[in-house]
Structures are given as structure tokens and as C-alpha cells.
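The following exercises concern the structure shown below. Each task is followed by a solution that proceeds step by step.

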Amino acid sequence: MIDYIKGQITELSPTEVILETYGIGYRILISLQTYESLNGRKDSIVYIHHYLREDEELYYGFASKDERELFRLLIGVSGIGASTARMMLSSMSSEEIRTAILAEDINKIKSIKGIGMKSAQRLILELKDKIVKGGGTDSGQLFGSSSNAATEEATTALVMLGFTKANVTKAVNSVLKEKPSASLEEIIKLALKLL
């Protein structure tokens, strides 16, 4: 699976970017948020969500892991496809979407093209608890930048052990509040005691 593509921006529009790496040009669909981040750059890293169906194969790209995580959370809601999720991320920032869902602001969510009353209610119903527990957020952004790599590795390791991402995020967050400079091993050991 492709996590990101790093290369030279050869074409950029508000809806897509062509990223050339090692002589191959990748056509990647992007949101307006990502366009604003990439605009004016010559080279960039774009985080990828590989969308594969029987009749099509597309790459959705994001300037940050945080935006990609929210996109994946949005497309997990029944009735919200990849195009609608991209439209949402083009209409509002990731933080505005999270805030609207947490505040149960149906009118703000409905203001996005393609989202009606039922879709807005479903988004709030299915995502509110996940967002409260840290879902749809890059786990590295929840904690201080000094321990980003250790935090991500610890979270991944604990999820691989069979714990849910929500519980792992909560436990790792508690560990880092108590001991912000904890090493990878310490984070995992202390989090295991809390799980």
C-alpha cells in the first residue's frame, strides 16, 4: 500500500495535482485545503488514500496525515463516498468539520454541497464518539512533537496487539500526560497497564 508520494509538482489545480517522481507522473485528486498547502511549492509530499473499485482506481492526496485520517473517517459513514468527503474537506477545514460534528451543528454540515439532512444526522451520530476519542486525527498530532515518532510507533504496536485505536489513543495520551519524555518502550509498557 502507498502511504505517500514525494516528488515534483508538475501540474496543480484546485482539484488535482500531478506529482512526478522517478519519471512517473501520478494524478492525485485533492481537496481545496490541500491545494492551498501545495500552492507555490515545487516539490512536496502528498499522503495517499488509494481508492480501488472494480471499475476505477484513484489516488486521493492530502497535504497532512491529519486530513487523510479525517477523510478515512468520513468515507466510513454509510452514504458518504470519496467525492462527498473530498467536497467536505474543500468546503471546511478539518478542524471546522470536527467542531461542527462535536457541536451537532446540523445546519453547518448541511451547508456543504451534497450533504442533506439525513447525511448530516448520520455523520453526527456515527462520528461524534469517534472524534471525541481521537478518531480521524493523526495520532502524532494529539501529542507533543518531541515524541511524535515514538507515539505513532507505540500506537501502531498496541493496535496490532488487538486493542482498539480509541482505547490505545486514550491510554497513550494518559501516559504522555504523566511522562511527556517517555521512550517508545516506556509508552508501550505503561499503556499496557492501562489497557
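**Exercise 1. Determine whether Tyr22 is buried or exposed, and describe its backbone.**

Step 1. Tyr22 has a relative accessible area of 84% and is therefore exposed; buried means under 20% relative accessible area, exposed over 50%, and partly exposed in between (1.4 Å probe, protein chains only).

Step 2. Tyr22 belongs to the loop between β2 (16-21) and β3 (24-30). Helices (H or I, at least four residues) and strands (E, at least two) are DSSP runs, numbered from the N terminus.

Step 3. The phi of Tyr22 is positive, near 50 degrees, although the residue is not a glycine. Most residues other than glycine have a negative phi.

This is a predicted model, in which local features need pLDDT of at least 70 and side-chain atom pairs count only at pLDDT 80 or more, while totals for chains, interfaces and linings use all residues. Residues are numbered from 1 along each chain as its sequence is written, and side-chain values use heavy atoms, with hydrogens and water left out.

**Exercise 2. State which residues of helix α4 are buried and what they pack against.**

Step 1. Helix α4 covers residues 94-102, and its buried residues are Ser94, Ile97, Arg98, Ala100 and Ile101.

Step 2. These residues lie on the same side of α4, because they cover an arc of only 165 degrees around the axis. The arc is that of the directions from the helix axis to the C-beta atoms.

Step 3. The packing partners of the buried residues are α1 (32-38), α2 (65-75), α3 (82-91), α5 (106-110) and α6 (117-132).

**Exercise 3. Locate Glu104 and characterise its exposure.**

Step 1. Glu104 is found in the loop between α4 and α5.

Step 2. Its phi is positive, about 55 degrees, and Glu104 is not a glycine.

Step 3. Glu104 has 44% relative accessibility, so the residue counts as partly exposed.

**Exercise 4. Summarise the protein chain as a whole.**

Step 1. The protein chain contains nine helices and five strands, in the order β-β-β-α-β-β-α-α-α-α-α-α-α-α.

Step 2. The chain has a radius of gyration of 18 Å, which agrees with the value near 16 Å for a compact globule of 195 residues. This radius is taken over C-alpha atoms, and the globule rule is 2.2 Å times the number of residues to the power 0.38.

Step 3. The C-alpha trace spans about 50 × 45 × 35 Å along its principal axes, and 39% of the 195 residues count as buried.

Definitions and conventions
Contact = heavy atoms within 4.5 Å.
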